[in-house]
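Subject: Structure for you to look over

Dear colleague,

I am passing on the structure we spoke about, with its sequence, and would be glad if you could look it over alongside the notes below.

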Amino acid sequence: MKNYYQLVFSLLFGMGILLSLPTSSVYAQGSLVSGTIKDAESGEPIPGVNVVAKGTSNGAVTDIDGNYSVNVDSNTILVISYVGFETQEIAVGTRSTIDIDLGYDVSQLGEVVVIGYGEVDRGDVTGSVVAIDSDDFNKGAISTPQELLMGKVAGVVVTAPTGQPGGNSTIRIRGGSSLRASNDPLIVVDGVPLTNKSIDGFANPLATVNPNDIETFTVLKDASATAIYGSRASNGVILITTKRGSSGQDLQVSYNGNLSLGVPIEYTDVYSGEEFRQVVANHTVDPSITTPLLGNGNTDWQNEVYRNAISTDHNVSLTGSLNSMPYRASVGYTNQNGMLKESNMERTTLSIGASPSLLDGDLTFDINLKGMLTDNNFSNDGAIGASTSFDPSQSIYDENSPYGGYFTWVNEVDGTPNFIATDNPVAMINQKDNTSQVARSIGNVSTTYRMPFLPELKAVVNAGYDYYKSEGTDNTDSTAAFSYREPQNNVKSYEVIGKNELLDAYLNYSKDLSSIDSKLDVTAGYSWQHFYEEKENANRPWEANDSGEYIGSDTTVDKTESYLVSFFGRVNYTFKGKYLVTGTLRRDGSSRFSDDNRWGLFPSVAVAWQMGEESFLQSVDALDELKIRAGYGITGQQDITDNDYPAIASYNGSTANSQYGFGGQLYQLWKPLAYDPNIKWEETTTINAGLDFSFLGNRISGSFDYYQRTTDDLLNEIPVPVGTNFANRVVTNVGSLENQGYEISLNGYPISNGNMSWQIGVNFSKNTNKITKLTAFSDPDYIGYEVGEIDGGSNNRVQINSVGYPTNSFYLFQQVYDNEGMPIEGLYVDRSGQGGQVDGNDLNRYHLGNPAPDFLIGISSRFAYKNFDFSFAGRLSVGNDVYNNIASSKGLYANLYNQSGYLSNISTFVEESQFFNAQYKSDFYLEDGSFFRMDNISAGYNFPKVFSDKITARVSFTVQNAFLITNYSGLDPEINDALAPGIDKNVYPRPRTYVLGVNFNF
């Protein structure tokens, strides 16, 4: 073993990694203490061990022979630490020689990992489970929990939120399992599964949880890990555990705060006022008509609607233990401004957690309460698109305008607003009031009672809730030109009340069967969950009667609820500490489906072999862990629609503007909606094989996973006989979809000593999917159904779901180019071989590419020297295709002038095509969207003593969205639209954010 260490460290020295490591650090006063540190098990010396005087940075690192020396005084306590071994603290006293034997840190291999309805030692995990804690989270001005996880876990794709304050992120675990149902994972916060429904007036429902309160994320990826959640687990499960106190802990008060500045990185390339005048003169059909419409201004409309956004975040927490009862309480305040003027999120959060125990610890409680109040100003995001289209030769204001004093395109005959024309972007922001207030509370009380007559048996009851209330208004100023377009919708209001109630009860029996060298852990229980939502929407015009009441109010009220009842069980069996088996079974009953399809059974089984514990590998001293895993399971997806009653006949009532007149009276009409009484949840079957490994005292660790997922009973809309359900098409379970891929995670500690440490993490994931069935019977003429609606024209779509191809595949014409490489407008390759006109009604379009990347790589690193640290995290996406909808809809000379009498700016991308008219379905607009994004770069300094020994501090500086490397011609190839993935429309741009952070601990 000694020779092995010498070889490894010689290589490290050769690479220059450890050249700067000091072997000792000498104080001006004190005596020399030296010794040798050895492996307690093998007796071999250990190089690279940290020997540090407690509470200081004074220390040393053992050399190649395990020797160290350090200058300390007699009152010093030495802290001896090394990755993978137990940390020891030894008082120096009068000794000058201290030899130490280090034992392996069993707790690192036995680290507890949270799973569904319980916990297991990390070494006993049989499924694909990844846990990351707060030390590994992304840094910076993090306002939503999803951002903490971005790029950290292989196979988990978290798309960066847009620049909207509190903006949402899409999360995909191993690709999507559905075409029409939700692809979002199940989120469980401290044992409370949340609803996947969106909340009106709230951009990101998960922003309820303050990121500063989160301790760990546990991601359950394969079916053997997720099947315990049954009909809601096909897209994976993310368990969020919040911070809490520890028994016996003294009171600690912490403050975390930051001040951030978000700045626009770049704008969409459009013409300036001077350039626009030339383009209008040279590229409109009749300049004698268009040039008189030009103004004398030179307005950069994007610059007028965007701003540098200053934001703040403050959090105070109290953590401790009161009479052996651990507790933690925190309050947070976030005021986040967006780059779009007026956009803002102001959030106040409160979190309280306590873990009292009674009866000598046999009866324990885990109490969690979280509250959030958010005020949102959404501004008017329509101004984003308008700022790229409005005539730059016009001024912002017109003192003669009756429409709030803003320049407005009007009809020449009567001076009324031109409803077809683009609205003044600045007016859109200043004359719109779109705000909401959302209150939400999530809480639970989990009670555990260990039977005194049978200590191995415990009963757990978990009662939880999730309540929210959202109120909002979306009002248009009565003087605004755009208020004339839909006057009945000028005053909008809504109110949403929702609740989610939970009751879990289960028994757990855990027993070490030493007589047969086994360990058994059995869990069986019952779960009940109730979801309810009540929504009221009202639209009114500005006009009011003599009593001040609005006229023509159109108010709708919708109430909906569903229930989920479940029975579940799990068995974990370990033999000789190295052969592991896990079996789970859940039976779910959902009120969403008919009696015949109400219940579903979701089984799973997984096995693991701790190969590193076998005798033939015990002699490999460098090996810490080598475990092989395999699992199989079935999970479901019941979030197939926002409708809680998809199997029941329903009718849609007409609005106030479309009622039927008869006999001088107006009557509301009711239209039957299509439905399938036999509809059921989609089911996903997953096979997973994995390998976990660790070497050199956990200096190098990682995992490899291969998986295959098949979703059956996939929902698709298919034709039905005329008269059936009073509709000719219905959504039903007819299809299937396959996903397969592999994931690699690697973590390394090239440097780990008393003064310096360096950690590197890399993860790689590749997922491919293919649709295998879309109809009940094979139909060679069925090409699939089009998706991916774009801006421009009417109901244009550029993607398709077809059998044999990936989901959301792009479906376009193949552009023909001239000898100079310029696209020829309206000319495409005749791929059908049938000749004739190449248009949207023939077979000339073809499948090419899709929004999903070929593979993803996440990389992170943290370097620390004494009290200074530096870290970064970034993501590489390769092979994702992007349709440049901004170019296809705005990069056209025909858009310069509209015959109704107004001018529009256009994208400078038109110079690449020279297209006069729209060619929306040309593959000319499909681009390689591969990118590398540096999500954050952070540097910090820790002050071990501020004013007194009881106060520590930290200051940090972080750059978020530090840089982006891509060949994509648009602003950003990372598309955050779950409904139109890979289609670049007018999205709220992501800022580059500079963050100054401070932390005090008392």
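What follows is a summary of what was found, arranged by region.

Please bear in mind throughout that this is a predicted model.

The nonpolar cores

In soluble globular proteins, nonpolar side chains tend to be buried together. The largest nonpolar core here has 25 residues, and those that touch the most other members are Leu149, Val156, Phe217, Ile238 and Ile240. Two or more residues of this core come from each of helix H3 (145-149) and strands S11 (156-158), S12 (171-173), S13 (186-189), S15 (214-220) and S16 (237-242), with S15 giving the largest share, three residues. If you would like a residue from which to explore this region, Leu149 touches Ile132, Asn138, Val156, Phe217, Val219 and Ile238, leaving aside residues up to four places away in sequence. There is also a second, separate core of 20 residues, which includes Phe276, Ala427, Tyr893 and Val910.

Helix H5

Phe276, one of the residues of that second core, belongs to helix H5 (residues 273-283), where Gly273, Phe276, Arg277, Val279 and Val280 are buried. Viewed down the axis of H5, the buried residues fall within an arc of 165°, and they therefore line one face of the helix. The face turned away from this buried side carries Glu274, Gln278 and Asn282, which are exposed. As for the cover over the buried residues of H5, it includes helix H6 (287-290) and strand S49 (902-903).

Buried charged pairs

The structure holds 38 salt bridges, and three of the pairs are described here and in the next section.

In one of them, Asp213 forms a salt bridge with Arg328, the closest N and O atoms being 3.1 Å apart. This pair links distant parts of the chain, since Asp213 lies in the loop between strand S14 (192-193) and S15 whereas Arg328 lies in strand S19 (residues 325-337), 115 residues apart. Asp213 has a relative accessible area of 5% and is buried, and Arg328, at 8% relative accessibility, counts as buried too.

Another salt bridge is formed by Arg629 and Asp705, again with the closest N and O atoms 3.1 Å apart; it links distant parts of the chain, Arg629 being in strand S30 (residues 623-637) and Asp705 in strand S36, 76 residues apart. Arg629 counts as buried at 4% relative accessibility, and Asp705 counts as buried at 3%.

What else surrounds Asp705, which is found in strand S36 (residues 700-719)? Besides the polar contact of 3.1 Å between its side chain and that of Arg629, a polar contact of 2.9 Å joins the side chains of Asp705 and Asn688. Not counting residues up to four places away in sequence, Asp705 touches Ser128, Arg174, Arg629, Asn688, Ala689, Gly690, Gly741, Tyr742 and Glu743.

The region around strand S53

An open sheet of three strands, with mixed pairing, has the order S50-S47-S53. Strands S50 (926-928) and S53 (983-984) stand at its edges and each has a single partner strand, so one side of each is left without a neighbour in the sheet. Strand S47 (residues 881-884) pairs with S53 in the parallel sense over two bridges, and Asn884 stands opposite Asp984 in S53.

The loops on either side of S53 are joined by a salt bridge between Asp972 and Arg990, whose closest N and O atoms are 2.8 Å apart. Asp972 lies in the loop between strand S52 (952-966) and S53, and Arg990 in the loop between S53 and strand S54 (992-1001), so the pair ties together parts that are 18 residues apart in sequence. Both residues fall below the 20% cut-off for buried, because Asp972 has 14% relative accessibility and Arg990 has 11%. Asp972 and Arg990 also belong to a network of salt bridges that links them with Arg875, Arg933, Asp935 and Glu974.

With best regards

How values were computed:
Residues are numbered from 1 along each chain as its sequence is written. This is a predicted model: local features need pLDDT of at least 70, side-chain atom pairs count only at pLDDT 80 or more; totals for chains, interfaces and linings use all residues. Side-chain values use heavy atoms; hydrogens and water are left out. A nonpolar core is a set of buried Ala, Val, Leu, Ile, Met, Phe, Trp, Tyr and Cys residues joined through side-chain atoms within 4.5 Å. Buried means under 20% relative accessible area, exposed over 50%, partly exposed in between (1.4 Å probe, protein chains only). Helices (H or I, at least four residues) and strands (E, at least two) are DSSP runs, numbered from the N terminus. Contact means heavy atoms within 4.5 Å. Two strands pair if DSSP finds at least two bridges between them. A polar contact is a pair of N or O atoms within 3.5 Å; within protein, one must be able to donate a hydrogen and the other to accept it, and residues adjacent in sequence count only if both atoms are side-chain atoms. The arc is that of the directions from the helix axis to the C-beta atoms. A salt bridge is a side-chain nitrogen of Lys or Arg within 4 Å of a carboxyl oxygen of Asp or Glu.
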